[in-house]
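Colleague: I have the chain open in the viewer now, and I would like to walk through it with you. Could you start with a helix and the strands under it?

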Amino acid sequence: MYLSTYCSSSSTSSSSILRTCRVRFASTYSASVNHSFSSTSRIFTRNPPSHACTPPSNVSYRSLSFSSALRSIRCSAPRWSHGVDWRSPVSLRAQIRTASPVLERFERKIASMGLPLHAASAHPFNGILSGLPKPGGGEFGKFYSLPALNDPRIDKLPYSIRILLESAIRNCDNFQVTKEDVEKIIDWENSAPKQVEIPFKPARVLLQDFTGVPAVVDLASMREAIKDLGSNPDKINPLVPVDLVIDHSVQVDVARSENAVQANMDLEFKRNKERFAFLKWGSTAFRNMLVVPPGSGIVHQVNLEYLGRVVFNTEGILYPDSVVGTDSHTTMIDGLGVAGWGVGGIEAEAAMLGQPMSMVLPGVVGFKLSGKLRDGVTATDLVLTVTQMLRKHGVVGKFVEFYGEGMGKLSLADRATIANMSPEYGATMGFFPVDHVTLQYLKLTGRSDDTVAMIEAYLRANNMFVDYSEPQQDRVYTSYLELDLADVEPCISGPKRPHDRVPLKDMKADWHLCLDNKVGFKGFAVPKEQQEKVVKFSFHGQPAELKHGSVVIAAITSCTNTSNPSVMLGAGLVAKKACELGLEVKPWVKTSLAPGSGVVTKYLLQSGLQTYLNQQGFHIVGYGCTTCIGNSGDLDESVASAISDNDLVAAAVLSGNRNFEGRVHPLTRANYLASPPLVVAYALAGTVDIDFEKEPIGTGKDGKSVYFRDIWPTSEEIAQVVQSSVLPEMFKSTYEAITKGNQIWNQLSVPSSSLYGWDSESTYIHKPPYFDGMTMDPPGPRGVKDAYCLLLFGDSITTDHISPAGSIHKDSPAAKYLMERGVDRKDFNSYGSRRGNDEVMARGTFANIRIVNKLLNGEVGPKTIHIPTGEKLSVYDAAMKYKSAGQDTIVLAGAEYGSGSSRDWAAKGPMLQGVKAVIAKSFERIHRSNLVGMGIVPLCFKPGEDADTLGLTGHERYTIDLPTNTSDIRPGQDITVTTDNGKSFTCTLRFDTECVKFLFFQMLESTCPLSGGCAINHNLPLEVQNDRVCGAKAESAADLYGTTVIYETTWGKVVELAYFDHGGILQYVIRNLTKQ
């Protein structure tokens, strides 16, 4: 609840009592997203009287502990004493003299109950706030010292958990973060197996433009909503640093050209001018927001090389950097020793607005590395090996922490490559603690010597630095894995999933198995008699041919690899050797190189290797994600026709991190992840149907066969080029200019208003309907009655299947919408670029051309059956038909529903289509949370059960029996689902956060000298006021303050249930900020 007080006096004699103050008694919802209210003891509340005195708007808030707020009562005239003239110091002093004995008795009563009382400014852990001395005198700042706790349990904690611990201690206010939360983390070894919940406040938030645009759209919409509710729209402002890097918009429209970068950027701005102007407006309209302009690099590489602080120094307080991002590969920063992971855009928006994130205290898998990589083995080979091992081990929802003597053999870039693919192996983080390698990288990338010295001093002082030259204390992990780096062999992954690793020596055999196998993750079901089919065609006047397995896209792309000089320069060396031997990539292979930052271009030019890459068609096409996220651009019409007219299984080879079907390009059914040098090798070979050990890649200029071993560089060759070509000045000069933008960006004109001027005709930026008609009253729990099944899925439906991504198909509902508004097909752009328009995105939800809906009996594509009529319609059209008839819909799914990128539109889209619940065998962590955040109920089948075993066809109507009162809903409880044909089964409700007990302080209503007969002004959380209980009368102020007024209350309407009660997380935040 709030207890707000304001008073002032000019009297010096009572200055210690009558100072100007305002106290925020921070257990309200607006201060704590983690706690909702369900009474287990009698709570006495009243609405604030309309004539309550209101403090000036310029008095700042200050969060206090429970005991601090009680102490403040003594030194502040209570706001709930309305019947006096506060402008009269004499009258005020007299009343305070009357009240002081009562308050003293009240304070003694609280103390007798074992509750500590502090000064108003006290922090629960002030006792461990220590100074960090500088070597030359003075100090870097203050920090909360973990060693000062003198708790031996901390010494055994994984380093990643120590970061959570420090954050909890620093943010502890006994409301948003409690001492009990701190104790849970300290006792991690025992508490983590119990799946306990903790709050976490990240130091900053990271966005890219695909997910950043809808986030800023939501913030702009929230400003309007809060204004419509009669409050100040400026309450909607990021409270932590927010960095947004525009990197997802550039497409490979032009390739194999010296002018490709400028040509693609011109097209990028032409398509996205409105989006970019909107983001530029956001950078000025919202505080604490940095927007890095297009053409600067890939968000995660920019984060690694420039944005990552490692240690913050904010107003003299030192603390570890930590970040959550709206891209699942935010984990790349873990390689720098910064705790970071992906969250949904919805969660990120709440974090920006100061809400603590609720998370299960994770288990930590200790991954020991030993030995060193063999000659010719790359970091990409290593990460694909690690991914397969961890997927097999099972690390979903866990941290992975790497350690061991092998760490010293991995560069920081190698570590970042491994950390980047945490989503692919399923972990929340793949964490590498800071050590000397980290410090060397910080210096290489242009961080100042003073900054690096501060980072090292702080981390050493707080036992967060690993020094492998010193004896290592054993740390406790949940489970253990070990890998000898010498056992890693060259490999690629595919053809449809990143964890389906294939050793390079087995690739040809594996490819033929895939052709033979039935359609699935490792199969295409190509009949034997058609497997050797050769399709001849004309490519710009010259003869060309394709067959199954022909490489039509070869892309050096993605932050996973372009941040790593060894593999980028290795690719250059492969190109150089191939040129010298007379090999050339076939012209119909679409080749491209998209560096993650300008630094890559500088060292490729410095080394002289860009020349050879250009000769093989790997010209730089832009600075962004490109092919890795589906922005691969069109294939040449002749190539596209040869593939589609002959039903060829064409291949793409890319140095990315995702290869799900339909993601890279609609016409490449086989997609393989490989290191940049291997991308060049496969481009030269022109096919994935090759045994590199036995078959030649091609014929050299001397007529002799050229083999893989002839063009593959040694590790020593790569190391020499890295040493001579990658220089600190390159990083400094690149990032000094990064926020200056480019000429086109700087010419964008944007308004200076704090409220956005929506254009109803815009097809890029559209005001979403989430808050239309919103009132201060939460809608409450909503059951699902007689719902139809919109879609029936099997296992591994990813967010790439659900969320609109890639190009907009000409026959899709989204294309129809755009054409109706005068948009030519050539200007459709991608779904990602239109994420700021809910009308486009709702139409593109479940529109993946490779989606398999069991209601279609084997047919593949974005359609479904409208059950009442039996019509086969697009998913969007069927959903709108249900919605217009007032009929609920649900989705039935298998295991790992929602795996893949952390896309908020994978939850927003189904909500806009009218989906009320998803019943699956299991959910991906972020997606489940996002569903809850959009008001969709996630349910899990019981173990061993699914739609098939229960005999569900998807043609039934489903009723989900949810309690009508939120207080009756519990995380993980059993929920009964019934169908209209008499079936009934039990599911587990996947609201996952737990109840938290609080000591709740409540003043009883009283007729007393101070109140003048008026009711106490209880400025309580909305949820408490909605469940009022009449207050009991006390005979006098003395009776009031002499009685026990502390109640132990369970905040049982837990976080996710509160979101559901409000209709979604954003509605929850708006109501509570409005109430503030």
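Modeller: Let us begin with helix H4, residues 159-170, which lies across E4 and E10 and runs at about 145° to E10. Please keep in mind throughout that this is a predicted model.

Colleague: Which other helix packs on that sheet, and what does it touch?

Modeller: That is helix H15, residues 449-461, which touches E3, E4, E9 and E10, and whose direction makes about 35° with that of E4.

Colleague: And the sheet itself, what is the strand order?

Modeller: The order is E3-E4-E10-E9, in an open sheet of four strands with mixed pairing. The edges are formed by strand E3, at 129-133, and strand E9, at 311-314, each of which pairs on one side only. From one strand to the next, the twist averages 40°.

Colleague: How do E4 and E10 run, and how many bridges join them?

Modeller: Strand E4, residues 139-144, and strand E10, residues 317-320, run parallel and are joined by two bridges. If you want a landmark there, look for Phe-143, which stands opposite Leu-318 in E10.

Colleague: Back to H4 for a second. Which strands of the E16-E15-E14-E17 sheet does it touch?

Modeller: That sheet is also open, with four strands and parallel pairing, and its edge strands are E16, at 429-431, and E17, at 479-484. Its neighbouring strands are turned by 20° against each other on average, direction ignored. H4 packs on this sheet by touching E14, strand E15 (399-403) and E16, and the direction of the helix makes about 125° with that of E15.

Colleague: What joins E14 to E17?

Modeller: Six bridges join them, with strand E14 covering residues 364-370 and running parallel to E17; in one of these pairings, Ser-370 has Asp-484 of E17 as its bridge partner.

Colleague: Different topic: which residues have the most contacts inside the largest nonpolar core?

Modeller: Those are Trp-341 and Tyr-897, in a core of 293 residues. Helix H7, residues 209-228, gives the most to this core, with 10 residues. Another core lies apart from it and has 10 residues, including Ala-815, Leu-818 and Val-840.

Colleague: Let me jump towards the other end. Which residues of E35 are on the covered face, and which on the uncovered one?

Modeller: In strand E35, residues 974-979, the covered face carries Ile-975, Val-977 and Thr-979, while Asp-974, Thr-976 and Thr-978 are on the uncovered one. Strand E34, residues 957-960, runs antiparallel to E35 and is joined to it by three bridges, with Thr-959 opposite Thr-978.

Colleague: And what about E36, how is it joined to E35?

Modeller: Five bridges join E35 to strand E36, residues 984-989, again in an antiparallel arrangement, and Ile-975 has Cys-987 in E36 as its bridge partner. The hairpin of these two strands has four residues between them, and Gly-982 takes a positive phi near 95° there.

Colleague: Last thing: where does pLDDT stay under 50?

Modeller: It stays under 50 over residues 1-120, and also over residues 994-1053. For the chain as a whole, the mean pLDDT is 84, and 83% of the residues reach 70 or more. The model has 289 contacts beyond four places in sequence for residues 1-120, and 207 such contacts for residues 994-1053, and I would read both sets with the low pLDDT of those stretches in mind.

Definitions and conventions: Residues numbered from 1 in each chain as written. Predicted model: local features only at pLDDT ≥ 70, side-chain atom pairs only at ≥ 80, totals over all residues. Heavy atoms only, no water. pLDDT = per-residue confidence, 0-100. Contact = heavy atoms within 4.5 Å. Pairing = 2+ DSSP bridges. Axes fitted to C-alpha atoms, helices over the stretch in contact; angles between N-to-C directions. Core = buried A, V, L, I, M, F, W, Y, C linked by side-chain atoms within 4.5 Å. Buried < 20%, exposed > 50% of the residue type's maximum accessible area, 1.4 Å probe, protein only.
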